[in-house]
Amino acid sequence: MNKWGFGINEKRSIDLDKNSPDIADRVLRDEPSLRLCIGCGGCTATCSAGNLTRFNFRRVHHLLRRGEYAALSGEIDKCMLCGKCTLVCPRGINTRNVVLSIRKHLSV
């Protein structure tokens, strides 16, 4: 058989009905200001951990909202809890508290 330089990839769609919103709901109860996030990227731009690793708070927020907690647990441990993201957030989201809340609810 000829090789044409491409192959069949895994299915990349996510069944959101299969993912439970439990942890996301608990985190939003702990820190309701997270609902105000507009995804501007200020947190990601100033992140100390992001400069050293591939950590990205917008990705963390995205994984949380989609209910992908397995990937989230690997990502959230990279945060250094320095608080720079909270200082630059134009919406006043306490991102440090969000990370602490995610860690608390993932460990339960």
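Let's start at one residue and work outward: leaving aside residues up to four places away in sequence, S33 touches G92, I93 and N94. Keep in mind as you look that this is a predicted model.

Where does S33 sit in the chain? You will find S33 in the loop that joins α1, residues 22-30, to α2, residues 42-46. Although S33 belongs to a loop, this serine counts as buried because its relative accessibility is 14%, and buried means under 20%. The side chain of S33 also has a polar partner: it makes a polar contact with the side chain of E31, at 2.6 Å. So much for the surroundings of S33, with E31 as a side-chain polar partner and G92, I93 and N94 as contacts from farther along the sequence.

Those contacts lead on to the chain as a whole. Among contacts with a separation of 6 or more, 66% are made by residues 24 or more positions apart. What secondary structure does the chain contain? There are seven helices and zero strands, so reading from the N terminus you meet α-α-α-α-α-α-α.

Now to the cysteines, which a biochemist may well want to check. How many disulfides does the chain have? The count is zero, and two cysteines help to show why. For C37, the closest cysteine sulfur is that of C43, and the 6.3 Å between them is too far for a bond, because a disulfide needs the two sulfur atoms within 2.5 Å. C85 tells a similar story: its closest cysteine sulfur belongs to C82, 6.1 Å away, which is again too far for a bond. As for their surroundings, C37 counts as partly exposed because its relative accessibility is 30%, whereas C85 counts as buried because its value is 15%.

Finally, step back to view the overall dimensions and surface. Taken along the principal axes, the C-alpha atoms fill a box of roughly 60 × 30 × 25 Å. The chain has 108 residues, and 32% of them count as buried; S33, where we began, is buried, and so is C85. The chain exposes about 7,400 Å², with carbon and sulfur atoms supplying 52% of that area. On the charge side, there are 18 positive and 10 negative charges, and the mean positions of the two groups are 6 Å apart.

Key: Residues numbered from 1 in each chain as written. Predicted model: local features only at pLDDT ≥ 70, side-chain atom pairs only at ≥ 80, totals over all residues. Heavy atoms only, no water. Helix = DSSP H or I, 4+ residues; strand = E, 2+ residues; numbered from the N terminus. Buried < 20%, exposed > 50% of the residue type's maximum accessible area, 1.4 Å probe, protein only. Contact = heavy atoms within 4.5 Å. Areas by Shrake-Rupley, 256 points an atom, 1.4 Å probe, with all protein chains shown as cover. Lys, Arg positive; Asp, Glu negative; His and termini not counted. Charge placed at Lys NZ, Arg CZ, Asp CG, Glu CD. Polar contact = N/O pair within 3.5 Å; in protein donor to acceptor, adjacent residues only side chain to side chain.
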